[in-house]
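Got the viewer open and a hand on the mouse? Let's take a walk through this one together, one selection at a time.

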Amino acid sequence: MTTHTGRARSLALAALAGIVSGAVFLGVAELLALLVARGASPILAVGGFVIDIVPQPFKEFAIATFGANDKIALLAGLGLAVVIASAIGGVLEYLRSPLGVVVVAIAGVLSTAAIVSRTGVTPLSFLPPVIATVAASVVLIVLGRRLRRWRNGVPEGSESDADRRGVDRRGFFLLAGIAGASAVVVGVAARVVTAATSSVEALRSALRLPPPRSRLTVPAGAELDVPGLSPLFTPNADFYRVDTALTVPTVDPTTWRLVVDGMVDQRVELSFDDLVGMGLDEYGITLTCVSNEVGGQLVGNAVWLGVPVRDILRMAGPQAGADMVLSRSVDGYTASTPLSSLTDDGLDAILAVAMNGEPLPAEHGFPVRMVVPGLYGYVSATKWLTELKVTTFAADEAYWTPRGYSAEAPIKLASRVDVPKAGDAVPAGRVAVAGMAWAQPVGVDRVEVNIDDTGWMPVTLSAPVNGDTWVQWMYEWDATPGTHYIAVRARNKNGDLQIQERAPIAPNGSSGWQRVLVTVGS
Ligand SMILES: Nc1nc2c(c(=O)[nH]1)N[C@H]1C(S)=C(S)[C@@H](COP(=O)(O)O)O[C@H]1N2
Ligand SMILES: [Mo]
């Protein structure tokens, strides 16, 4: 057994022992998390921690590379890291016991820290990572011992060396097989049960909302008929999603509470029934992400059903000197919104409970989120809302502020080309050039296109629903064969022109006039 291949085989088996011990760690932790402390899953806590600490350029890289699968990619990456670390732990335990147990203990400490940083310090949230550490250590020690005795032999013994080794070999594979398989089965089952029994969908379908007190008026001509053009209202299934939540939070409306506190005359606490009991009205508001590039898709429009934030703040009575509301989500995410954007009578900042005729989808903030016309989502549109803290920009900072984004961020007025898309096969002749434009909360006054830099021409606009909602635009183009540039720009009702100068998304939103290259066939 001292040959090179023999040694390589021993090390591979040691790595296997480590991986089995890693699986036991995760399996035991997931089971205990399900039984005693739902937030205390090491893999999800560490994943959430990674999301919060990775530098911004890295996050942008991940979103650009993996898109909506960025969270799955993160989990896969974490899984790979666990396998590698466990294998190293197994080898160390085999060569220099108890160094492998030290690796397990470090994993235990790191995941405990990640869990506590998210769930707070409760005795129960310590249980899953601590018991998992003990179980994984025991498995690793026993497997390591068996392996050493089998591979290296025992000095002297009553049984023959070969018999003894046979027993240790069988013992190693039996224990590794049983522990590994049951860890995977238990761990996966626990995760599935957790996901199914805390199902947001069950809570959503149980929810009955009172009918709207008032409906949104949509004028005739609010929607143009151009194939490929974005619809006026974005279906929920197509609505962009941006958040830092690794798993979508599950919030039960029957136990949900909104707390309004901070610099207020009176702390206010509302239940979901209290909130909808204030009366629900429909609002048409276009939501935009600060990460939307020129021509990008991180923007959508919906009919929201909700209650004005100003009515809720009035119950608490904001004190003189306050200039900001820090809204907080159940997952700890925060946004800083100027107090005046929420209290101004001319602005429809709302707490929304429904989106396009159904309770908020889980990914869009069920059961309650904030929606503020004219401010990028990261400074206003807090999903899974639980708290409104009246405060000052000097005293408090929101999630994205120390991460390279402005504390205040009005949406930059913008226009976009939807058709023809770059790369479309465009036939010569009459071609509809069309797209969207938004200028919340002022409203779009005019959109112009420029073909091949020959001059700006006015386009047809859809009838606006209101200033908070985007509009569609359309231009009938006599396309001639060859390649052409189509540029677009908008102007708002204050007469401001869309900013021509290109800016990146950080720190407060992209700018620039979109220009698409199209090739027209003959
Ligand atoms: N709780 C929570 N709310 C959040 C965020 C988040 O990360 N967590 N992201 C914000 C950002 S950056 C945007 S653009 C909008 C997006 O809302 P949507 O996912 O419903 O489109 O939600 C905002 N609300
Ligand atoms: Mo965003």
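**Stop one: a pair of crossing helices**

Select helix α1 and helix α4 (residues 70-96): their axes come within 6 Å and cross at roughly 125°. Keep in mind as you look that this is a predicted model. Angles over 145 degrees would count as roughly antiparallel and 65 to 115 as roughly perpendicular, so α1 and α4 are oblique to each other. The crossing of α1 past α4 is right-handed.

Now show the side chains where the two helices meet. On the α1 side, pick out Arg7, Ser10, Leu11, Ala14, Ala15, Gly18, Ile19, Gly22 and Leu26. Facing them from α4 are Val82, Val83, Ser86, Ala87, Gly90, Val91, Tyr94 and Leu95. Try colouring this contact by residue type: you should get eleven nonpolar residues, five polar and one charged.

**Stop two: another partner for α1**

Keep α1 (residues 4-36) selected and add helix α6, which covers residues 123-152. How far apart are the axes of α1 and α6? They are 8 Å apart, and the helices pack at an angle of about 160°. An angle over 145 degrees counts as roughly antiparallel, so that is how α1 and α6 lie to each other. This crossing, too, is right-handed: α1 with α6. Colour the contact of α1 with α6 by type as well, and look for 24 nonpolar residues, five polar and two charged.

**Stop three: an annotated stretch**

Next, select residues 246-397. An unreviewed UniProt entry lists this span as "domain: Oxidoreductase molybdopterin-binding". Switch to a cartoon view: the span is 12% helix and 38% strand. If you click on its two end C-alpha atoms, you'll find them 22 Å apart.

Zoom in on strand β2, residues 268-271, and stop at Ser271. Is Ser271 buried or exposed? Its relative accessibility is 17%, and buried means under 20%, so Ser271 counts as buried. Which residues does Ser271 touch, leaving aside its neighbours within four places in sequence? Show Trp256 and Arg257, and you have its contacts.

**Last stop: the whole view**

Clear the selection and zoom out. The protein has eleven helices and 19 strands. Its C-alpha atoms fill a box of roughly 100 × 70 × 40 Å along the principal axes. Of the 522 residues, 49% are buried. Finally, take the contacts with a separation of 6 or more: 74% of them are between residues 24 or more positions apart.

Methods. Residues numbered from 1 in each chain as written. Chains lettered and ligands numbered in written order. Predicted model: local features only at pLDDT ≥ 70, side-chain atom pairs only at ≥ 80, totals over all residues. Heavy atoms only, no water. Axes fitted to C-alpha atoms, helices over the stretch in contact; angles between N-to-C directions. Helix = DSSP H or I, 4+ residues; strand = E, 2+ residues; numbered from the N terminus. Parallel < 35°, antiparallel > 145°, perpendicular 65-115°, else oblique. Left-handed = near helix turned anticlockwise from the far one by under 90°. Nonpolar A, V, L, I, M, F, W, Y, C, P; charged D, E, K, R; others polar. UniProt positions renumbered as here; feature names shortened; annotations may be inferred. Buried < 20%, exposed > 50% of the residue type's maximum accessible area, 1.4 Å probe, protein only. Contact = heavy atoms within 4.5 Å.
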